[in-house]
Amino acid sequence: MNEVIEFYPILIKGTITTIQLTVLGAILALIVSFIVGLARISSFAAIRVIAIVYLEFFRGSSALVQMFFIYFVLPMWGIYFDALTAGVVACGLNVGAYGSEVVRGAVLAVGKEQHEASKALNYSIYKKYRYVIIPQAIPIMIPTFGNLLIELLKLTAVASLITISDLTFMAQIIRVQTALTLEPFLLILIIYFIIATILVQIVDLIAKKFSKGRNIMTAGDK
Amino acid sequence: MEWNWDHAYAVLPQLGDGLIVTIQATIVASLLAYILGLGIAILKMSKSKLTRVLLHWVTEFVRRTPILVQLYVVFYVLPDFGIFLEAFTCGVIVLGIHFSTYTSEVFRAGIENVPKGQWEAAKSLNYNPLQTWKNVILPQAIPPMIPPLANYLITMFKETPLLAAITVVELFRAADQYSNSHYTYLEPMTLVGVFFLIVSIPSAMLAMKLEKKFKQAKTA
């Protein structure tokens, strides 16, 4: 184990890269989720079709294949990404596809009377979604988004296969240099678990904050 | 870069072989995930608090860490302890264990949805635990579980390319090998993507149909 500890500088570097990938990927995934999710309920058929094609494409094929496609195939058409950007783009687009279903489901779960109330107030479509529908849909989305965030963190490990030096990549370096196997991998498993657990706690906190004052109905049940 | 049909035709047989390995891995891993998942679900209802807490954290650990790293652990570490497994076996075991933590939630929810009265009825008929599970609980719990279990089957199918990282020549690695020897990523990678879409989109539609069918059966 001491031999592995000596490699702490690259382990810290790897941890930072993993967190970077997760945070940047999550931001992109969140943006994509809202754009695609709202496009799915658009009144223009063309926009709905584009959103469905996107969704089926990214949900239907494997994340690793998408990552290789973005990193190795797109440059052949003159679209270049450095490895980290390719990793963030692949993770974000992939998880964003799953997230769009969460957004769509949550927006559709908001009651019909809310739409009618917005109409009665003469709100424009933008105002209706901005001030009435989406604020009520967000608390519904948070728990599922929390699960997707963990999936995203796990997905970033795959990015090591396109030469990004994240935690998994660093563990491979340590394995090759020290010929130790159990220690480096066990160590990074624990680091991943700690990051994931912190993320779960953060999402729980956010969920609590958003549900404040909204659980009057359910509070009476128990 | 132009699409080259010669490459596309040349890589097809290898992709076909790879697809067979991918499907084999999916089937074996999912069977393992279902059996283990059911076991975990039943153990999680144990009366011993220690078992429940321990099991909770073990499954959370598996769920919150990447499959790829778990694959490396099994593939590189087991030989140090004198256990030599084929790469394919390692991959299937890891996928199976990883997704058993997900399927166990499906089983748990399905079992908990069986009304309490059914347990009491089994008790009043003096059924032993085996009879209770086999004749009363599982026949009612299983049908609503089928759609989510089918969805996990599709998810596992899409995770099989990770086995390429531990040298299993499945669909993705077959394409990667061709890419590396012929210096072209375009055709093999595109075809792999197409293969995945061809299998998973109809499967997802089928799963959705199942879901509707079981919902109707419930309301009818």
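Start by selecting Val169(B), which sits in the loop between α6 and α7 (171-182) of chain B; the coordinates you are looking at are those of a predicted model. Val169(B) counts as partly exposed, because 18 C-beta neighbours lie inside 10 Å, whereas 20 or more would be needed for a residue to be called buried. If you show its contacts and leave out residues up to four places away in sequence, you will find Gly18(B), Val21(B) and Ala174(B). Then add Ala122(B) to the selection and draw the C-alpha to C-alpha distance from Val169(B): the two are 47 residues apart in sequence and 49 Å apart in space.

Staying in chain B, select the helices α3 (residues 67-77) and α4 (residues 87-112), whose axes come within 9 Å and cross at roughly 135 degrees. That angle makes α3(B) oblique to α4(B), and the crossing of the pair is right-handed. On the α3(B) side the contact is made by Ile67(B), Gln70(B), Leu71(B), Val74(B) and Phe75(B), while α4(B) contributes residues including Ala87(B), Cys90(B), Ile93(B) and His98(B). Coloured by class, the residues of this contact divide into nine nonpolar, three polar and no charged.

Keep α4(B) selected and add helix α6 (residues 129-159) of chain B, which packs against α4(B) at an angle of about 150 degrees, with the axes 9 Å apart. The two helices are therefore roughly antiparallel to each other, and this crossing, too, is right-handed. Among the residues that make the contact are Phe99(B), Tyr102(B) and Phe107(B) of α4(B), together with Pro144(B), Met145(B), Pro148(B) and Glu159(B) of α6(B). By class, the residues of this contact divide into 15 nonpolar, two polar and one charged.

Now bring both chains into view and select the residues through which they meet: 28 residues of chain A are in contact with 27 residues of chain B. On the side of chain A that touches chain B, the elements giving two or more residues are α3 (45-60), α4 (63-73), α7 (125-156), α8 (167-178) and α9 (182-211) of chain A. Of these, α9(A) gives the most, with eight residues. The residues of this side of chain A divide into 19 nonpolar, six polar and three charged.

Next, turn to the largest nonpolar core, which holds 112 residues, and pick out Met67(A), Val158(A) and Leu71(B), the members that touch the most others. Helix α5 (residues 83-109) of chain A gives the most to this core, with twelve residues. Centre the view on Val158(A) and show its contacts, again without residues up to four places away in sequence: Val158(A) touches Ala63(A), Leu64(A) and Met67(A) in chain A, and Leu68(B) and Leu162(B) in chain B.

The last stops are two loops of chain A. Most residues other than glycine have a negative phi. Select Asn122(A), in the loop between α6 (112-120) and α7 of chain A; although Asn122(A) is not a glycine, its phi is positive, at about 60 degrees. Asn122(A) counts as exposed, because there are 8 C-beta neighbours inside 10 Å. Then move to Ala179(A), in the loop between α8 and α9 of chain A, where the phi is likewise positive at about 60 degrees in a residue that is not a glycine. Ala179(A) is exposed as well, with 9 other C-beta atoms within 10 Å.

Technical notes:
Residues are numbered from 1 along each chain as its sequence is written. Chains are lettered from A and ligands numbered from 1 in the order in which they are written. This is a predicted model: local features need pLDDT of at least 70, side-chain atom pairs count only at pLDDT 80 or more; totals for chains, interfaces and linings use all residues. A nonpolar core is a set of buried Ala, Val, Leu, Ile, Met, Phe, Trp, Tyr and Cys residues joined through C-beta atoms within 7 Å. A residue is buried if 20 or more other C-beta atoms lie within 10 Å of its own, exposed if 12 or fewer, and partly exposed in between; C-beta atoms are placed from the backbone. Helices (H or I, at least four residues) and strands (E, at least two) are DSSP runs, numbered from the N terminus. Two residues are in contact if their C-beta atoms, placed from the backbone, lie within 7 Å. Ala, Val, Leu, Ile, Met, Phe, Trp, Tyr, Cys and Pro count as nonpolar, Asp, Glu, Lys and Arg as charged, and the others, Gly among them, as polar. Axes are lines fitted to C-alpha atoms, for helices over the stretch in contact, and angles run from 0 to 180 degrees between N-to-C directions. Angles under 35 degrees count as roughly parallel, over 145 as roughly antiparallel, 65 to 115 as roughly perpendicular and the rest as oblique. A crossing is left-handed if the near helix is turned anticlockwise from the far one by less than a right angle, and right-handed if clockwise.
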